Amino acid sequence: MTYDAILLTSFGGPEGPDEVMPYLERVTAGRGVPKERLEEVSHHYLALGGVSPINEQNRALLAKLRERLPELGIDLPIYWGNRNSEPYFSDVVKQMYEAGHRKVLAWVTSAYSSYSGCRQYRENLHQALFENDLLGKMTIDKVRHYFDHPGFLEPVVEDLVEGIRKVKSAGSSTEQIKIMFATHSIPNAMGETSGPPARREEFAKPGGAYEAQHLAAAQLVISKAGVAMGESMPEWELVYQSRSGSPEVPWLEPDVNDAIQSAHESGRTGVLIVPIGFVSDHVEVVWDLDNEAQETAEGLGMNFYRVATAGIHPAFVDAIGNLIAERLGTEAPKAESSLGPWPSFCAPGCCPNLRRELPTVAEATA
Ligand SMILES: CC1=C(CCC(=O)O)c2cc3nc(cc4[nH]c(cc5[nH]c(cc1n2)c(C)c5CCC(=O)O)c(CCC(=O)O)c4C)C(CCC(=O)O)=C3C
Ligand SMILES: [Fe+2]
């Protein structure tokens, strides 16, 4: 495979108070999210000055990639585009075409399979080509999901080890600690249909491939931390956060705050939250975990530690390099769970849009 440019592909966020409501409306357009939920989330953003940290984190990652990829032998220009805020895909795609690029490889800031974390990006990239009349003139492929890539997990393992030591020295024993791997909740219907249709029977409902990938990543993190510490690990579980949508629609559970309450009731005195579902410390992490979950835990008198995300850790930057090199055919895939390496091209019907079928990029031909 040859590519002539890389596109760092992300979610986007507001960068000022005036941008918050238009951003939230854009994100949820046609998604059936009640107005009350938007009001509530707008307060999270406004409490942070109306600025999501996500764009700054992507600028920092972009700078690291531009520095590091050439050292790894990848001499391709790197662009950055967002689904929901400037720089929009449509503008970036146009800019890339005008600069002469025809075969683009997108790397997405989402490690797992789901409509929200995969197909929606692929639909939006297709839309960007369409809007610029570039269908058939320029292709955009996508790097595979990397939930079980060692370089995605290493920064997490490092900080989990640190966190366990801290919570222990605050007085909680191994048996008194619960490790909670946290990820974005999604509707059950989205979980059940995540991943390729041919593999659907393989995964438990309602979480589907989305949940299976998280469990695989969590198990790897626990094993690695156990080896690093040379001792047995506290018990762990997968929990969900940042539930949106209307209350009648079932979403993946348990919620992180309920899980903290249950852990307290079963005699735990320490909780570590590992935001394994996120690649950097954006609003879901700094608000929903560092404020809400921490308050829940401390209100119950528990020791609390929130583990770092991959961010711009050198191991993660190198992992992105390896994932790109894998697509270029110059390095072997690195995937440590029995689920991977996840395919680079999504099967038709993978992580479907349950509202209406839309064309996408980076789809496998049947
Ligand atoms: C799976 C998943 C990821 C991980 C994969 C990926 O990274 O893409 C993710 C990431 C993110 N989600 C983000 C923000 C938001 N997500 C929302 C709403 C929703 N997310 C969903 C799922 C996911 N979301 C879903 C099923 C909805 C309901 C509406 C719908 O069905 O589409 C809403 C609306 C308000 C609310 O209800 O919360 C906001 C503002 C930000 C930016 C944060 C920042 O600004 O720092 C990021 C990285
Ligand atoms: Fe989201």
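**Group meeting: a two-domain predicted model with one ligand**

Good morning. I begin with a single residue: His-184 sits in strand β5, which covers residues 177–184. Strands here are DSSP runs of E with at least two residues, helices are runs of H or I with at least four, and both are numbered from the N terminus.

A word on the source. This is a predicted model, in which local features need pLDDT of at least 70 and side-chain atom pairs count only at pLDDT 80 or more, while totals for chains, interfaces and linings use all residues. Residues are numbered from 1 along each chain as its sequence is written, and chains are lettered from A and ligands numbered from 1 in the order in which they are written.

Let me return to His-184. UniProt, in an unreviewed entry, places the feature "binding site" at His-184 and Glu-284. The two are spread over 101 residues of sequence, yet they cluster in space, with a largest C-alpha distance of 8.1 Å. UniProt positions are given in the numbering used here, feature names are shortened, and annotations may be inferred rather than shown by experiment.

Is His-184 buried or exposed? His-184 counts as buried because it has 23 C-beta neighbours inside 10 Å. The criterion is that a residue is buried if 20 or more other C-beta atoms lie within 10 Å of its own, exposed if 12 or fewer, and partly exposed in between, with C-beta atoms placed from the backbone. Glu-284, found in helix α10, is also counted as buried, with 20 such neighbours inside 10 Å.

Their contacts come next; two residues are in contact if their C-beta atoms, placed from the backbone, lie within 7 Å. Leaving aside neighbours within four places in sequence, His-184 is in contact with Gln-241, Ser-242, Gly-277 and Glu-284. On the same basis, Glu-284 touches His-184, Gln-241, Ser-242 and Phe-278.

Which other residues does the annotation "binding site" cover? The unreviewed UniProt entry also lists Ser-52 and Tyr-121 under that name. Ser-52 is found in the loop between α2 (35–47) and α3 (54–71), and with 26 C-beta neighbours inside 10 Å it counts as buried. Beyond its neighbours within four places in sequence, Ser-52 is in contact with Gly-13, Pro-14, Tyr-45, His-282 and Val-283. Tyr-121 lies in helix α5, residues 115–131, and is counted as buried with 25 C-beta neighbours inside 10 Å. With the same sequence neighbours left aside, Tyr-121 is in contact with Thr-9, Arg-83 and Val-108.

I turn now to the ligand. Ligand 1 is surrounded by 25 residues, of which the closest are Gly-13, Ser-52, Ser-244, His-282 and Val-283. A residue is near the ligand if its C-beta atom, placed from the backbone, lies within 6 Å of it. At least two residues of this shell come from each of α1 (17–28), α2, α5 and α10 (283–299), and α1 gives the most, with 3 residues. By class, the shell has 9 nonpolar, 13 polar and 3 charged residues. Here Ala, Val, Leu, Ile, Met, Phe, Trp, Tyr, Cys and Pro count as nonpolar, Asp, Glu, Lys and Arg as charged, and the others, Gly among them, as polar.

Where does ligand 1 lie with respect to the domains? Ligand 1 lies between domain 1 (5–146 + 313–328) and domain 2 (150–306), because both give residues to its shell. The domain bounds come from an automatic or database domain assignment.

The C-alpha centres of domain 1 and domain 2 lie 24 Å apart. Across the boundary, 27 residues of domain 1 are in contact with 23 residues of domain 2. On the side of domain 1 that touches domain 2, the elements giving two or more residues are α2, α3, α5 and α11 (314–328). Of these, α11 gives the most, with 5 residues.

Finally, the overall picture. The protein has 11 helices and 8 strands. Its radius of gyration, taken over C-alpha atoms, is 20 Å, close to the 21 Å that the globule rule gives for 366 residues, so the protein is as compact as a globular protein of that length. The globule rule is 2.2 Å times the number of residues to the power 0.38. Buried residues make up 48% of the 366 residues. Among contacts with a separation of 6 or more, 80% are between residues 24 or more positions apart.
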